[in-house]
Number of protein chains: 4
Amino acid sequence: MRIGFIGLGGMGQPMAENLLKAGFEVAVWNRSATPAEALKAQGARICATPAEFTDSDVLITMLADDDISREVVIGQGALGALPPGAIWINMATVSVAFTEEMAANSSARGSRYVAAPVLGRVDVAAAGNLNILTAGDSDLLDKVQPIFDVLGSKTWRFGDRPEQAAAVKLAANFMLASAIEAMGESAALVDAYDVAPADFLGMLTSTLFAAPAYKNYGAMIAENRYTPAGFTMKLGLKDVRLAQQAAESKHVPMGIAGVLRDNYLDALAHGDENLDWAALATVSARRSGKK
Amino acid sequence: MRIGFIGLGGMGQPMAENLLKAGFEVAVWNRSATPAEALKAQGARICATPAEFTDSDVLITMLADDDISREVVIGQGALGALPPGAIWINMATVSVAFTEEMAANSSARGSRYVAAPVLGRVDVAAAGNLNILTAGDSDLLDKVQPIFDVLGSKTWRFGDRPEQAAAVKLAANFMLASAIEAMGESAALVDAYDVAPADFLGMLTSTLFAAPAYKNYGAMIAENRYTPAGFTMKLGLKDVRLAQQAAESKHVPMGIAGVLRDNYLDALAHGDENLDWAALATVSARRSGKK
Amino acid sequence: MRIGFIGLGGMGQPMAENLLKAGFEVAVWNRSATPAEALKAQGARICATPAEFTDSDVLITMLADDDISREVVIGQGALGALPPGAIWINMATVSVAFTEEMAANSSARGSRYVAAPVLGRVDVAAAGNLNILTAGDSDLLDKVQPIFDVLGSKTWRFGDRPEQAAAVKLAANFMLASAIEAMGESAALVDAYDVAPADFLGMLTSTLFAAPAYKNYGAMIAENRYTPAGFTMKLGLKDVRLAQQAAESKHVPMGIAGVLRDNYLDALAHGDENLDWAALATVSARRSGKK
Amino acid sequence: MRIGFIGLGGMGQPMAENLLKAGFEVAVWNRSATPAEALKAQGARICATPAEFTDSDVLITMLADDDISREVVIGQGALGALPPGAIWINMATVSVAFTEEMAANSSARGSRYVAAPVLGRVDVAAAGNLNILTAGDSDLLDKVQPIFDVLGSKTWRFGDRPEQAAAVKLAANFMLASAIEAMGESAALVDAYDVAPADFLGMLTSTLFAAPAYKNYGAMIAENRYTPAGFTMKLGLKDVRLAQQAAESKHVPMGIAGVLRDNYLDALAHGDENLDWAALATVSARRSGKK
């Protein structure tokens, strides 16, 4: 299976590397050249434009958002250049609407679309331990499973319509933002009674909430440490917006999502767009007069 | 140490039993006689009224709420009957304001107050594995630590003012309700895309949210199983209200708490007051037209 | 009809005066003596304690809140001292629960209770143009109508249970707070596009929103002028809380009330408790980074 | 001044008619032919396509939303066909982002853009009594003022950037939706105490809230009468979304907007998309178990 790979950012780079190590034939393209050069040394072929994946059986994209994905894959011709029957696996977090649009676009051009966003940050990607949230035609999913086996520790199939995986990924990010917000609010509450948030969160994450999401973000909140950002406030707001859009088109009210949205906006209005999205907790502190 | 114990409900009964098994001398009183009789067989002395704990070094209460606690301990004379210097350990979930009031009341009558609400349901209480969230004068906490060692697997100290433990307990319950609400909202979202909530929640609770709180309530939501209630909707609303009151007196806005409140009210308006409080998730389903 | 009048604050003083002018025999009591002295010159009898209204056919109270009303009327014996069959008209804004409690209390002591909170500030009270929101037994309401005719320009009857008028008054105050909040949010929105809130609010209050509530508070918001306070932020929060409690006991979710509550808390956390409650609008400004 | 007019819906038809009556030379185009035919009898020239306004000094559009406006004006060539220096007045409610995009588009093609959304429904448009909310270069506004004088009773200028008028219009619609929601919540509250919402709303709209917005929507809510729709629930949701987008790009949290959004979604999930947007009030009734 010849794989084309577009998007060698923090996540894409180690994922492409893992595919090379596993013996796949990998061609890459990236907006800036440096990350591609690094992969060249490991055996990757470098494409000069996104339209050169003419012999890829599978195209994997890991780009920042809907707009950039559309620009590169449609605008710069990546999809159009693929051979008939090729499979496009989009592993980025994109909107449900974009997913539906791209699935239709792929069909129209003789390709097939698989949505496969992931859970896990850079270190998890490097270790090949991502959780892969996928949806698409089951034949396609079977075909690309060997790729998923390299990139992740587990693949979760959510149906045969790609937008199902997009919805699941947005719901998962909503869960994370909700956990951060709840910790922020309760930390502000106990802080008002002179209980150190670190003591409260330490107790919680050792007991009922002893889970990676809480331990990771709870420690950041406890230490008031939001740089370097693993995932920025700005991106946090974007993903809440995508979850709200996905919910809106199906008429699903989501009360916590509205709270999250307003608090991200409050944070951005105060200049915090580049902090880690766990800095959502600082909004509760500021509103209660503690910051 | 002679211990008086008031409140032999689902939690109190096994807690008193554990104290007897550990060799403490325990006297008990309960509104209805049956649970006390059971303990008598295990060696407990039964008091006919709450005012008979005249030789207890420590009085433990585990009553339903502020009003019942006040009625029994103050109204029926339990506190007034204690010997000088006795310690009252209130292990129930009560309000911050009630805690402050009772601490003052205890001082005024020559007793001393320790707040020690717990995390854990009936089975955890029976196993002696509660997490004990305590606050009060450190000398007092040291004195009663042997009791906590019997009842719980770990004691967490949050300060020398009893209301600090009350605030922590309410914040912890708020965290649980927030987790339930977030699961309810995201389950409604993925359901709208024909992804079974069980599949989504199963994935989450095996990965980022692999914690007891999520596994327990996630399974109930996935199976739409809300009876028998471990903790009812009505009590869920009560604890959200107590958290809001604690927050209000310190001027702490809590956006998610407002969402929780309204959704509990929606559920109660639809007759669900006696379901398990995880049934909060059914509100998101109903609002999105799925129920 | 001999009238007893308790509570000669900003509202009560001109109300009692109007009753004197209309020829009623009025006895008064007030916590501080000065306002009572002023009324003495106009013909009022001054009582030394709240328990001296022993010959009043009607007792009117206009006290700050539930606690003070309970303290004076029950605690200091005003209700107990009334002659059999006397009518207590409570014209203050109090909670639904307190209203129910006092109606029962009155019956138990041989008196009868009428709830009659008012719409209108001090100048309206002075002009005898209050809107009187009343509920109680219709025979009683007929009897005291001559009093209402002096105090107000219009009396609105909402039923035979006093708590109905209490609920209506709280709902009306909720409407006002909602209007202020909506103006605050939309002012922040247009301000972000460099449209002066004064221009926007001026247009609104000349067109679709040309009503006293909007003109009054819209001007304060437009001019960023929140002193002197006609009604403070702290009282605004109190009335939102009373509306929420009234709603909670009947299981009525009120989404805007939750927003109001959090924004009042935000304001109080920033030291604004004594500003006019229209200063709620400053929270939207601050959150969007404009203040 | 030769005027081109596109969009002869409920609002556009009487507006075009008024321009004809005032003696303007008017050419029209509409998607369906019938409304145009009616205007022909009154002297309008009918265009066969949107690209035939080649001699219009001013093009007025009154189309349903961003997408249709873009499709007709850009896609079908209306803007491109205008003579150099022509003025495009967009009187529809569109997004801030679309306004900015179209202003830039107009400049690029040698035309100039004026935003002039209106307040007022069909009968107000017919009477020439609209309130016109406008923004754009002041020279342009001066030039088209004679047109505004025919269509409206008053023109409000909000600045020289067209998006300022778009923001003001969205803020005004947000105010209306907020008023409806507040009435819905408070009606549910008093209803829970057996006070007829009609009595409560009747009192309010005769006193503090005696304004067109409240009288109009208050009566609909009191009578539970939501057909025929003057403006549908679906459009209500759309305008809340546009207000939220306008707020998001400037980092303005709007708590009530979040409540509105969720309640519109709740209504749409229950099949009410074609009711008048005052039917938002039914959500509070349903949530409190009254419907």
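Copies are superposed by least squares on the C-alpha atoms of residues with pLDDT of at least 70 in both. I note this first, as the entry on the rotation axis rests on it.

**Entry 1: confidence.** I recorded that this is a predicted model. For the complex, the predictor gives an ipTM of 0.97 and a pTM of 0.97. I then looked up chain A, where the average pLDDT is 97. In chain A, 100% of the residues score at least 70.

**Entry 2: the relation of chains A and D.** I asked what rotation superposes chain D on chain A. A rotation of 180° does so, with 0.0 Å of shift along its axis and an RMSD of 0.0 Å. The two copies are therefore related as by a two-fold rotation axis. I next looked up which residue of chain D comes closest to that axis. I found D:G258, whose C-alpha atom is at 2.6 Å from the axis. I also compared the interface residues of these two chains. Of those in chain D, 100% are also interface residues in chain A, so the copies meet through the same surface.

**Entry 3: the contact between chains A and B.** I looked up how many residues each chain brings to this contact. Chain A contributes 54 residues, and chain B contributes 54 residues. On the side of chain A that touches chain B, at least two residues each come from α8 (162-191), α9 (197-204), α10 (212-223), α11 (233-249) and α12 (255-269). The largest share of that side, 17 residues, is supplied by α8(A). I noted the character of the residues on this side of chain A as well: 36 are nonpolar, 11 are polar and 7 are charged.

**Entry 4: an annotated domain.** I consulted the UniProt annotation, which is from an unreviewed entry. It gives "domain: 3-hydroxyisobutyrate dehydrogenase-like NAD-binding" for residues 165-282 of chain A. Over residues 165-282 of chain A, I read 69% helix and 0% strand. The end C-alpha atoms of this stretch are 31 Å apart.

**Entry 5: residue A:K169.** The unreviewed UniProt entry places the feature "active site" at A:K169. I located A:K169 in helix α8 of chain A, the helix that gives the largest share of the side touching chain B. Is A:K169 buried or exposed? I counted 29 other C-beta atoms within 10 Å of A:K169. The cut-off for a buried residue is 20 or more, so A:K169 is buried. Leaving out residues up to four places away in sequence, I found that A:K169 touches A:T93, A:P117 and A:L133.

Definitions and conventions: Residues are numbered from 1 along each chain as its sequence is written. Chains are lettered from A and ligands numbered from 1 in the order in which they are written. This is a predicted model: local features need pLDDT of at least 70, side-chain atom pairs count only at pLDDT 80 or more; totals for chains, interfaces and linings use all residues. Two residues are in contact if their C-beta atoms, placed from the backbone, lie within 7 Å. Helices (H or I, at least four residues) and strands (E, at least two) are DSSP runs, numbered from the N terminus. Ala, Val, Leu, Ile, Met, Phe, Trp, Tyr, Cys and Pro count as nonpolar, Asp, Glu, Lys and Arg as charged, and the others, Gly among them, as polar. UniProt positions are given in the numbering used here, feature names are shortened, and annotations may be inferred rather than shown by experiment. pLDDT is the predictor's confidence in each residue, from 0 to 100. A residue is buried if 20 or more other C-beta atoms lie within 10 Å of its own, exposed if 12 or fewer, and partly exposed in between; C-beta atoms are placed from the backbone.
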